[in-house]
Amino acid sequence: TLNFKNKDEIKPYIDPMFKLLDHTYNTLSTYTPITQEQIATYKEKYFPFIDKNFIVCVVDEQDQLVAFAVTMPSYSKALQKANGKLWPFGWYHLLRATKKNDSANFYLIGILPEYQRRGVTAIIFKEIYDRFTKMGIDYAETNPELEENVKFQVLWKENNPTNHKRRNTSSK
């Protein structure tokens, strides 16, 4: 695993993360490849909010990215306290949630298929667990998961997950 000293050290891994993401999820029925314009937009909009402690990258012997995970502190409670408004004092609640929080959101995980089921997932989860423990984070919530994405759902099996939201997409 890589330990980033600052956010600038993450930058060389951003494009490989998106490439790995495409490679990891391209077999899912609803996945659409990410365009270069989307990547540029995501970098511009979201990178300033990323905390180096919430990014886990795993590289091989040649320093090539083989897996990554992106998490962030949860801003749900802060947004509720701020009543959804940044001004006049909503910014304070968001800033505080960045520094002191008991919950995190698990946004992305990507693992090259040839490294899946080989312990890399355990390395990522152990690293996240250690970091979250140091930060006082007790709860993590994932993004929506496809019912067909059994590989991802199995990852959480040992953590006694609670499914509290359900979405469905259908076509005629």
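Phe54 is buried, with a relative accessible area of 3%, where buried means under 20% relative accessible area, exposed over 50% and partly exposed in between (1.4 Å probe, protein chains only). This residue sits in the loop between H2 and S1; helices (H or I, at least four residues) and strands (E, at least two) are DSSP runs numbered from the N terminus. The model is predicted, so to speak of local features takes a pLDDT of at least 70, side-chain atom pairs count only at pLDDT 80 or more, and totals for chains, interfaces and linings use all residues. Residues are numbered from 1 along each chain as its sequence is written, and side-chain values use heavy atoms, with hydrogens and water left out.

**Around Phe54**

- Not counting residues up to four places away in sequence, Phe54 touches Ala69, Val70, Thr71, Met72, Pro73, Ala104, Arg131, Phe132, Met135 and Ile137; contact here means heavy atoms within 4.5 Å.
- One of these partners, Arg131, is 77 residues away from Phe54 along the chain, yet their C-alpha atoms are separated by 7.9 Å.

**Overall layout**

- The protein has 6 helices and 4 strands, and along the sequence they follow the pattern α-α-β-β-α-α-β-α-β-α.
- Of its 172 residues, 35% count as buried.
- Among contacts with a separation of 6 or more, 69% come from residues 24 or more positions apart.

**The nonpolar core**

- In soluble globular proteins, nonpolar side chains tend to be buried together.
- Here, the largest nonpolar core has 41 residues; such a core is a set of buried Ala, Val, Leu, Ile, Met, Phe, Trp, Tyr and Cys residues joined through side-chain atoms within 4.5 Å.
- The residues with the most contacts inside this core are Met17, Ile55, Cys57, Phe68, Ile109 and Ile124.
- At least two core residues come from each of H1, strand S1 (55-59), strand S2 (65-73), strand S3 (103-111) and helix H5 (120-135).
- Take Phe68 as a guide to the core: leaving aside neighbours within four places in sequence, Phe68 is in contact with Met17, Leu20, Leu21, Val56, Cys57, Leu108, Ile109, Gly110 and Ile124.

**How H1 meets H2**

- Helix H1 (residues 11-25) packs against helix H2 (residues 36-46) at an angle of about 135°, with the axes 11 Å apart. Axes are lines fitted to C-alpha atoms, for helices over the stretch in contact, and angles run from 0 to 180 degrees between N-to-C directions.
- H1 and H2 are therefore oblique to each other, given that angles under 35 degrees count as roughly parallel, over 145 as roughly antiparallel, 65 to 115 as roughly perpendicular and the rest as oblique.
- The crossing of H1 and H2 is right-handed, meaning that the near helix is turned clockwise from the far one by less than a right angle, while anticlockwise would make a crossing left-handed.
- From H1, the contact uses Ile14, Asp15 and Phe18, and from H2, Ile39, Tyr42 and Lys43.
- By class, this contact has 4 nonpolar, no polar and 2 charged residues. Ala, Val, Leu, Ile, Met, Phe, Trp, Tyr, Cys and Pro count as nonpolar, Asp, Glu, Lys and Arg as charged, and the others, Gly among them, as polar.

**The loop between S3 and H5**

- Leu112 lies in this loop and is buried, with a relative accessible area of 16%.
- Apart from residues up to four places away in sequence, Leu112 touches Leu20, His23, Thr24, Leu65 and Val66.
- Leu112 and Thr24 are 88 residues apart in sequence and 5.8 Å apart in space, C-alpha to C-alpha.
- Pro113 is in the loop between S3 and H5 too, and at 34% relative accessibility it counts as partly exposed.
- The C-alpha atoms of Pro113 and His23 are separated by 7.9 Å, with their positions 90 residues apart along the chain.

**Positive phi values**

- Most residues other than glycine have a negative phi.
- Asp63, in the loop between S1 and S2, has a phi near 65° and is partly exposed, at 43% relative accessible area.
- Arg117, in the loop between S3 and H5, has a positive phi of about 60° and counts as exposed at 74% relative accessibility.

**Ile123 on H5**

- Ile123 lies in helix H5 and is partly exposed, with a relative accessible area of 40%.
- Beyond residues up to four places away in sequence, Ile123 touches Thr1 and Val58.
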